[in-house]
Every structure is written in C-alpha cells, then in structure tokens.
Amino acid sequence: MRALTLIPGQADSVTLTDEPDPEPGDGELLVHGLALGVCGTDKEIVAGRYGWPPEGRERLVLGHESLGRVEHAPEGSGFTEGDLVAGVVRRPDPVPCGACARGEFDMCRNGEYTERGIKQRDGFGSERWTVEPEYAIRLDPALERVGVLVEPTSVVAKAWEQVEVIGRRSWFEPQTVLVTGAGPIGLLAAMIGTHRGLDVHVLDRVDRGPKPELVARLGATYHHADAAEVMRRLEPDVVIEATGAGRVVLDVMSGTSGYGIVCLTGVSSPGRSLEVDVGALNREIVLENDVVVGSVNANQRHYRAAADALSAADTEWLDGLITRRVPLADFGRAFTAEDHDVKVVIALDDSQG
Ligand code: BGC
C-alpha cells in the first residue's frame, strides 16, 4: 500500500513510500483510509520543525486527521465492517501520570504521551491503517464527505468544555463570543458557539474568499478589523483565539471585560517578540477575575462531542470548509498554501476526490 512518510527533523523528506499492509494487532480494527486532513502541525512536521519517529525507526507515517471505513472488525470490538470511523490521535504516557491513568491523556502531565502521525506513532496517512477499538470513533454514515473534520472539531469541543468548566466557578451566562481566526479551528469553534445559542463573532485578516460567507451562513458576524478595537466594541464574555499571532493574542488577553475567559488554541512559532506592559496586563487580569487558558488535543469524550456536533451541523456548510481535495499521488500540493484555502484534505481513496 502507499503511505505518506517522512524523516522527522528533515525538511521536505515527505514522500509516498510502498509499505506492507498493516497487520491488526489483537482486537484491533483494520481500516481502509478514505481521507486525511492537513493542518499547520503537518506543515511544521513536513518542514522538519516538529515530529518524532517511532522508536528504532527513521521514518514516520504522517497524518493525524483521519477518516476511514472499517474493513475488518474482530467480534466483540463493537464495530462492524463498513462503519465510518476516525482514529484518536493521542495515547497515554506509559508511566502513566495521574491524568493519563484516568483517561485524560489530553492533559498529560509528563509529556511522555505519544501521538499518531506526530510523536513516535505512525499516523493515518496510508491506504490502510489499524486502530484499537477504544481509540476509534464511529461516525454518522451521513458524514462520509466531511467526517475528516472530526479531529479538528474534537480540539474545539475540548476548548469549549474548558470554557464551560472555568465559567462555572461563578455565575456564568455567556452571551457573546469572539473567535479570532477563521481557519478550520476558528470556524468549527464558531459553529459550536452557534449550537450553544451564543452571539458569535469571527475576526480574520482577510476580507475576501470563502471565509466571510462561511461565517455569515452560520448566522454569525464577520469582522475584518483590529482585534483590540473589536474587543472594545463587543466586550465578549468568551474569546476563542485560533490565530496564534502574537499581536492578536495580546490584544484579546488585554481587552477582556470582567470575568473574561480567553481560550488559546493556536500553536504559534516561537522567535518573534513584542513589547508588553506586563504590569498593566497582570492588573487587568487580576482586577477582572479573567482567565487565560491554553487548550490542546482531545480525549474520547471530546471526539464523541465532536461527532455529535458534526451530525447536528449542516453537511453542506461543513463541505464548504473543505476548500481543496488533493489526490494522494499529488500530496505535495496539499502542503503548499493556495489563496482562499480553509481546510485541505488528501483523498486516500478515489471516492473522496
Ligand atoms: C493536533 C493535536 C496535537 C497537537 C500537538 C495538533 O495539530 O490536532 O492533536 O496534540 O497538534 O502535537
């Protein structure tokens, strides 16, 4: 079978290699790969700036945003042939830390977790892959064209869960949410915001392409303006930050009103500095009981919430988020940004082209 593999740490080593079909381990599912989503993390891995191979190996199978169809399911696995599934990205650390021991591996304390397609475990970028049933998420068959969005949706389902839990430390009836960044994470966070009945606003640096319309079709408001100014105008109860851009991160952190919650989801590149009045920022956070929280990854609970959110969404809208589908043979195009990209997907199977 063909697999998308690379040497972590070595820029542009990504290529299609011929690999033996995977042998499912005891109790595992054998899955026919349908689609693979590409995100900023994949681009960083391709550029040689992130990622780790499995122990004792040079190459890693890339890909953590998966969608496939079960080809073989052992009896008692809870799955049957033909089920539409996605695989969970992270596995608990082997120690395990307290969080991993309790299934909260997305909150791993010692950093020794592994991640498919990212950290020491082969990913889902191959024509066939295997997965343990407890790390497979069954999807509504109606999601065949868009189910590949379940992983990024799980990331925002977790972010929203954190906002809820933090909000409940006192009286909490949020009305307005500002999402910064109208990429897949921002748009899916906005979608969940609308499912919660909130007044949703999305800010992005572009004023053309598909983003303004995708936001409007959610019933949300699009802003193409300075983040600090939008914060002043809206006084949002919640901010989901999905740009990772230093200036925007600072503007939302310092622009909250009382009891503001800012959830940071953007993985930024280090190395750029900004001048910050730390005293003013600290003062504002303290005097307003604000919270700034980081959020990454997701456990099975968040994947299930994500699968439900996708089932409840308009499939055509979700399809509109996938702005390019690239055949596996042309994988290189998937890692090169094009104008108006939102989510780019690699079709592992012709049916997804
Ligand atoms: C993935 C997460 C992962 C993170 C860090 C993100 O792109 O969605 O599952 O934990 O990268 O490796």
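**Notebook: ligand site and strand E12**

I began with Tyr50, where a polar side-chain atom lies 3.0 Å from an oxygen atom of the ligand; I keep in mind that this is a predicted model.

I then looked for similar approaches and found that Thr41 places a polar side-chain atom 2.6 Å from an oxygen atom of the ligand, and that a polar side-chain atom of Glu115 is likewise 2.6 Å from a ligand oxygen atom. I noted next that the ligand, taken alone, exposes 310 Å², of which the protein buries 90%.

Which residues surround the ligand? I listed Cys39, Thr41, Tyr50, His64, Val89, Arg90, Glu115, Ile118, Glu151, Val155, Val296 and Asn297, and sorting this shell by type gave six nonpolar, three polar and three charged residues.

I turned to strand E12, residues 176-180, and asked how many of its five residues are buried. The count is five of five, with Thr176, Leu178 and Thr180 buried on one side and Val177 and Val179 buried on the other, so that both faces are covered. I set beside this the general pattern that side chains in a regular strand alternate between the two faces of the sheet.

I followed the pairing of E12 in two directions. With strand E13 (residues 199-203) E12 pairs in the parallel sense over five bridges, and Leu178 has His201 as its bridge partner there. Tracing the chain from E12, I passed through helix H4 (residues 184-195) to reach E13, and I recorded this β-α-β crossover as right-handed.

With strand E15 (residues 238-241) the pairing of E12 is also parallel, over four bridges, and the bridge partner of Thr180 in E15 is Glu241.

Terms used: Residues numbered from 1 in each chain as written. Predicted model: local features only at pLDDT ≥ 70, side-chain atom pairs only at ≥ 80, totals over all residues. Heavy atoms only, no water. Near = heavy atom within 4 Å. Polar contact = N/O pair within 3.5 Å; in protein donor to acceptor, adjacent residues only side chain to side chain. Areas by Shrake-Rupley, 256 points an atom, 1.4 Å probe, with all protein chains shown as cover. Nonpolar A, V, L, I, M, F, W, Y, C, P; charged D, E, K, R; others polar. Buried < 20%, exposed > 50% of the residue type's maximum accessible area, 1.4 Å probe, protein only. Pairing = 2+ DSSP bridges. Right-handed = clockwise from strand over helix to strand, strands pointing away.
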